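Biologist: Could you take me through one part of this model slowly, as you would for a colleague who likes geometry? I would like to begin with a single residue and its strand, and then move outward to the sheet and the ligands.

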Amino acid sequence: MSSLRISEIFGPTIQGEGILIGEPTVFVRAGGCDYRCSWCDTPHAVDSEHRSSWTPMTTFDIWDEIQRLSDGQPLTVSLSGGNPAIQDFGPLIALGRAQGYRFACETQGSIARGWFNVLDTLVLSPKPPSSGERPDWEAFDACLRAGANAGRTILKIVIFDDEDYNWAKTVQARFPGLPLFLQPGNPEIDPAQPVDLPAMADRLRLLTERAMRDGWFSVRILPQLHVFIWGNQRGV
Ligand SMILES: C[S@@+](CC[C@H](N)C(=O)[O-])C[C@H]1O[C@@H](n2cnc3c(N)ncnc32)[C@H](O)[C@@H]1O
Ligand SMILES: Nc1nc2[nH]cc(C(=O)O)c2c(=O)[nH]1
Ligand code: SF4
Ligand SMILES: [Mg+2]
């Protein structure tokens, strides 16, 4: 059986972002990404200099680890990365769902996969201008089509500045049927440094006040809850 490149598997913890915030979750972090966002908070799953730390695992190896971490109790498994859509997680999802586990996937929407259709939650997180990346909207549309039968699809956009904020409005206008979550960007991504909690609360406050002042009521605005709790620690 072919193997997948896995950066880390951890949990159970609570989902810190987006529509599943607070949900007990085991994370499977795939190694490798087709993007290089300037502010990426998981470079250890992206940059090729960390490639040697990614473990080749079969679907059964990953499934064993999920079961061990969850003590065999079905919960939500979140596929993240890097870009999990580079690899074939279809067999893992089939195996887990047959045992009552639920699956979410976080991806930037650059690569479409047939297995998006069997997810419970597909989180598409198109990258705003501050990232230095530019979404390919044809590829993004292909992701939406690939996930047409997923339980639900939502958009999550990271906001660092005014340009990102205005861009997020244009994305919502393009996809009016999709729930949109905004998340303030975290500029402090060094796991060795403590996060400045008041500064983080300030960014959340400023984004919230701006959206409310604008009468932008068709969004949800959330912090990265795990960063509030554990800072930039890995594996939480
Ligand atoms: C690390 S990415 C992995 C999944 C996929 N590559 C993606 O970007 O959607 C998971 C989520 O973290 C967000 N993220 C990454 N770096 C961040 C930062 N510095 N501040 C806030 N959110 C960040 C991404 O935008 C994405 O929504
Ligand atoms: N608790 C927790 N929630 C998360 N939501 C998205 C994460 C990610 O890095 O993909 C993440 C993570 O690493 N930990
Ligand atoms: S797409 Fe996601 S994992 Fe890849 S560099 Fe950007 S934030 Fe990091
Ligand atoms: Mg993260």
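**From one serine to the ligand shells**

Modeller: Ser 7 has its place in strand 1, which covers residues 4-14. Please keep in mind that everything here comes from a predicted model. Ser 7 counts as buried because it has 23 C-beta neighbours inside 10 Å, where 20 or more are needed. Leaving aside residues up to four places away in sequence, Ser 7 touches Arg 29, Ala 30, Gly 31, His 44, Ala 45, Ser 53, Trp 54 and Gly 82. A useful distance to check on your screen is the one to Thr 42: the two residues are 35 apart along the chain, and their C-alpha atoms are separated by 10.0 Å.

Strand 1 also holds Pro 12, and the peptide bond that leads from Gly 11 into Pro 12 is cis, with omega near -5°. A second cis bond involves one of the contacts of Ser 7, namely Gly 82. That bond joins Gly 81 and Gly 82, with omega about 15°, and Gly 82 sits in the loop between strand 4 and helix 2. For background, most peptide bonds are trans, and most residues other than glycine have a negative phi. Asp 71 is worth a look for its phi: the value is positive, about 55°, although the residue is not a glycine. Asp 71 lies in the loop between helix 1 (59-70) and strand 4, and with 8 C-beta neighbours inside 10 Å it counts as exposed.

Now to the sheet. Strand 4 (residues 76-80) runs parallel to strand 5, and 4 bridges join them. Within this pair, Leu 79 stands opposite Cys 105 of strand 5. Between the two strands the chain passes through helix 2 (residues 90-98), and this β-α-β crossover is right-handed. Strand 5 spans residues 102-107, and 5 of its 6 residues are buried, so the rest of the structure largely encloses it.

Strand 5 also pairs with strand 6 (residues 121-124), again in the parallel sense and over 4 bridges. Here Thr 107 stands opposite Leu 124. In a regular strand, side chains alternate between the two faces of the sheet. Strand 6 is covered on both faces: Thr 121 and Val 123 on one side, and Leu 122 and Leu 124 on the other, are all buried. Strand 6 then pairs with strand 7 in the parallel sense over 4 bridges, with Thr 121 opposite Arg 152. The chain gets from strand 6 to strand 7 through helix 3 (residues 137-146), and this β-α-β crossover is right-handed.

With the sheet in view, we can turn to the ligands. Ligand 1 is surrounded by 20 residues, the closest being Asp 41, Thr 42, Glu 106, Ser 125 and Asn 186. Strand 5 and strand 7 (152-159) each supply at least two residues of this shell. By class, the shell around ligand 1 divides into 5 nonpolar, 12 polar and 3 charged residues.

Around ligand 2 you will find Thr 13, Ile 14, Gln 15, Gly 16, Glu 17, Phe 27, Thr 42, Ser 80, Glu 106, His 226 and Val 236. That shell comprises 3 nonpolar, 6 polar and 2 charged residues.

The residues around ligand 3 are Cys 33, Tyr 35, Arg 36, Cys 37, Cys 40, Thr 42, Val 46, Gly 81, Gly 82, Asn 83 and Gln 108. They include Gly 81 and Gly 82, the pair joined by a cis peptide bond. The shell of ligand 3 has 5 nonpolar, 5 polar and 1 charged residues.

Thr 42 is a good place to rest your cursor. Thr 42 is among the closest residues to ligand 1, and it appears in the shell of ligand 2 and in that of ligand 3. It is also the residue whose C-alpha atom is 10.0 Å from that of Ser 7, where we began.

Terms used: Residues numbered from 1 in each chain as written. Chains lettered and ligands numbered in written order. Predicted model: local features only at pLDDT ≥ 70, side-chain atom pairs only at ≥ 80, totals over all residues. Near = placed C-beta within 6 Å. Nonpolar A, V, L, I, M, F, W, Y, C, P; charged D, E, K, R; others polar. Buried ≥ 20, exposed ≤ 12 C-beta atoms within 10 Å, placed from the backbone. Pairing = 2+ DSSP bridges. Right-handed = clockwise from strand over helix to strand, strands pointing away. Contact = placed C-beta atoms within 7 Å.
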